[in-house]
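Reader: Before I set anything up with this model, I would like to go through its layout with you, one question at a time. Could you show it first?

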Amino acid sequence: MSNPDGLLVDVAAMVESEHCNQMSLTVVTGGAVITGRLAPEAVWRQRVAEVLKDSDRLGPFSGIFMASSAPAHPDRAEPPTHLHFHVARILQGSVGIPETGGMYRIAIKDVSAWTVGDFSYSDH
C-alpha cells in the first residue's frame with residue numbers, strides 16, 4: 001500500500017502501547033500470506049536478540065537488535081511503521097512454515113490485505 005491502512009496502524013499502535021502479544025493477525029505482503037501474533041517492537045527485538053545470542057555464528061548480531069534505535073517508550077508520538085510478528089508462519093498451500101513459527105518484521109505500507117486472527121492447519 002502506498003498509504004498505510006490507518007486501521008492497521010491503529011492496531012499496531014495498540015499492541016505497542018499495551019505491551020500485549022495476544023493480537024493474532026494474518027497479512028498479505030508481496031504475495032505471501034503471513035499469519036501469527038503481533039508483539040510490541042521492544043519485545044520482538046529482545047526475543048530476536050536472545051535467539052541470535054545463543055548462536056555461535058550469529059551471536060555478534062544480537063547487539064544490533066538491542067541498540068539505541070529501539071523505541072525508548074511505546075507511547076512515542078509517531079505511529080508505528082512496522083508489524084512485529086512472533087509465532088508466525090508463511091502459508092504455503094496447506095502448510096505453514098516454519099512449523100514452530102518464526103519472527104517477522106513487515107512494513108505496514110507493504111501490507112495489501114489483512115484480517116484479524118491467524119490460520120492453523122491440522123491433518124484431520
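Reader: In which helix is S62 found, and does S62 count as buried or exposed?
Author: In this predicted model, S62 is found in helix α3. The relative accessibility of S62 is 13%, and because buried means under 20% relative accessible area, this residue falls into that class. The element asked for is therefore α3, and the class of S62 is buried.

Reader: Which residues is S62 in contact with, leaving aside its neighbours within four places in sequence?
Author: Helix α3, which holds S62, spans residues 62-65, and α2 spans residues 41-53. Once the neighbours of S62 within four places in sequence are set aside, the residues in contact with it are A49, L52 and K53.

Reader: Where is the place of F61, and which nonpolar surface patch does F61 help to make?
Author: F61 has its place in the loop between α2 and α3. Its relative accessibility is 46%, which means that it counts as partly exposed, and patches are made of residues with over 30% relative accessible area. Together with L58 and I64, F61 makes a nonpolar surface patch of about 290 Å².

Reader: What is the order of the strands in the open sheet, and which are the edge strands?
Author: The protein chain has three helices and five strands, and its elements run α-β-β-α-α-β-β-β from the N terminus on. The five strands form an open sheet with antiparallel pairing, in the order β4-β3-β2-β1-β5. Since a strand at the edge pairs on one side only, the edge strands are β4 and β5.

Reader: How do strands β3 and β4 pair, and which residue in their hairpin takes a positive phi?
Author: Strand β3, residues 82-92, and strand β4, residues 95-107, pair in the antiparallel sense over eight bridges. Among the bridge partners, Q92 is matched with V95, while H82 is matched with A107. The hairpin has two residues between the strands, and the one that takes a positive phi, near 65°, is G93.

Reader: Which strands does each of the helices α1 and α2 lie across, and at what angles do they run?
Author: Helix α1, residues 6-18, lies across β1, β2, β3 and β5, and its angle is given relative to β5. Helix α2 lies across β3 and β4, with its angle given relative to β4. The angles asked for are about 60° for α1 against β5 and about 125° for α2 against β4.

Reader: Which residues form a salt bridge with E41, and how far apart are the closest N and O atoms?
Author: E41 is buried because its relative accessible area is 6%, and R45, at 10% relative accessibility, also counts as buried. R45 and E41 are four residues apart in helix α2, so about one helical turn separates them. R105, in contrast, is partly exposed, with a relative accessible area of 39%. The closest N and O atoms are 3.0 Å apart for R45 and E41, and for R105 and E41 they are 3.3 Å apart.

Reader: How many salt bridges does the structure hold, and which residues do shared partners join into one network?
Author: The structure holds three salt bridges, and one of them is formed by the side chains of K109 and D110, at 3.4 Å from N to O. The salt bridges that share partners make one network, and the residues joined in it are E41, R45 and R105.

Conventions. Residues numbered from 1 in each chain as written. Predicted model: local features only at pLDDT ≥ 70, side-chain atom pairs only at ≥ 80, totals over all residues. Heavy atoms only, no water. Patch = residues over 30% accessible without salt bridge, like charges linked within 9 Å, V, L, I, M, F, W, Y side chains within 5 Å. Areas by Shrake-Rupley, 256 points an atom, 1.4 Å probe, with all protein chains shown as cover. Salt bridge = Lys/Arg side-chain N within 4 Å of Asp/Glu carboxyl O. Buried < 20%, exposed > 50% of the residue type's maximum accessible area, 1.4 Å probe, protein only. Pairing = 2+ DSSP bridges. Contact = heavy atoms within 4.5 Å. Axes fitted to C-alpha atoms, helices over the stretch in contact; angles between N-to-C directions.
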